[in-house]
Amino acid sequence: MDDADDLWAALVEYTGEVAERLQDPAPAAVGATWAIDESVRGLPSWMNSELAYTAGFAIVSWLIDRVVDIAELRMNDAEEFLFSLIRKLQSRYVLDPIERPAHARTCSVCGERAVVVSWVSDETGEASCRVCGATYAPDEDEDGASRG
Ligand SMILES: [Zn+2]
């Protein structure tokens, strides 16, 4: 069982419990997993990474829509388990830079407003220009580009 399976199982189990306690049918992807396997073991074999992303997105949206009701369930242990797993995996994998155009800074090398943080975990990490590739240390502002 790999990390994706672990995370999928934790998310589906949590969502399944929420659905049961709220008496609100869970998204289809969760149902499909339950139907295949009484206890969730991981990503269904037919699910490729693109489908997993779509299904994960659907599940998370479903949870967000019910966040007020979910808070009242007080599933603290289940949530702590799920969130600590997410934090652990986040620190294990280098994520693709997340584009946040509103926060892009102006590059002092090429002048494009294209400097974004390529964050690895807990929002610290090196920033780099998406146009010319100039890099910036975490706390440097646009005047401190390393020019090689
Ligand atoms: Zn640049």
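Which residues make up the largest nonpolar core? In this predicted model, that core has eight residues, namely Trp8, Leu11, Val12, Tyr14, Val18, Leu43, Ala55 and Ile59. Helix H1, which covers residues 3-22, and helix H3, which covers residues 49-65, each supply at least two residues of this core, and the largest share, five residues, comes from H1. A second core, separate from that one, has six residues and includes Cys107, Val115, Ala127 and Tyr136. As a general background, nonpolar side chains in soluble globular proteins tend to be buried together.

These cores belong to a protein with five helices and four strands, and from the N terminus on the elements follow the order α-α-α-α-α-β-β-β-β. Buried residues account for 14% of the 148 residues in the protein. Among the contacts between residues at least 6 apart in sequence, 46% join residues that are at least 24 apart.

Within helix H3 lies Ala58, which is partly exposed because 15 other C-beta atoms lie within 10 Å, whereas a residue needs 20 or more to be buried. The C-alpha atom of Ala58 is separated by 6.9 Å from that of Pro27, although the two residues are 31 residues apart along the chain.

Helix H5, residues 76-92, offers a check on helical geometry: at 1.5 Å a residue, its 17 residues should span 24 Å, and its end C-alpha atoms are indeed 24 Å apart, which agrees. Of these 17 residues the number buried is zero, so H5 lies largely in the open.

Two loop residues deserve a look for their backbone angles. Gln23, found in the loop between H1 and H2, has a positive phi of about 55° although it is not a glycine, and Gln23 counts as exposed because it has 6 C-beta neighbours inside 10 Å, where 12 or fewer is the cut-off. Arg74, found in the loop between H4 and H5, likewise has a positive phi, near 50°, in a residue other than glycine. With 9 C-beta neighbours inside 10 Å, Arg74 also counts as exposed.

The strands form an open sheet of four, in the order E1-E2-E3-E4 and with antiparallel pairing. Its edge strands are E1, residues 105-106, and E4, residues 135-136, each of which pairs on one side only. Strand E3, residues 127-129, pairs with E4 in the antiparallel sense over two bridges, and Ser128 stands opposite Thr135 in E4. Two residues of the second core, Ala127 and Tyr136, fall within the residue ranges of E3 and E4 respectively.

How far the coordinates can be read depends on the confidence of the prediction. The protein averages a pLDDT of 76, and 71% of the residues score at least 70. Confidence is lowest in helix H2, residues 28-36, at a mean of 58, and highest in helix H4, residues 67-73, at 90. Over residues 140-148 the pLDDT is below 50, and this stretch has 14 contacts in the model beyond near neighbours in sequence. Where pLDDT is low, the predicted coordinates should not be read in detail.

Key:
Residues numbered from 1 in each chain as written. Predicted model: local features only at pLDDT ≥ 70, side-chain atom pairs only at ≥ 80, totals over all residues. Core = buried A, V, L, I, M, F, W, Y, C linked by C-beta atoms within 7 Å. Pairing = 2+ DSSP bridges. Contact = placed C-beta atoms within 7 Å. Expected span 1.5 Å × (residues − 1). pLDDT = per-residue confidence, 0-100.
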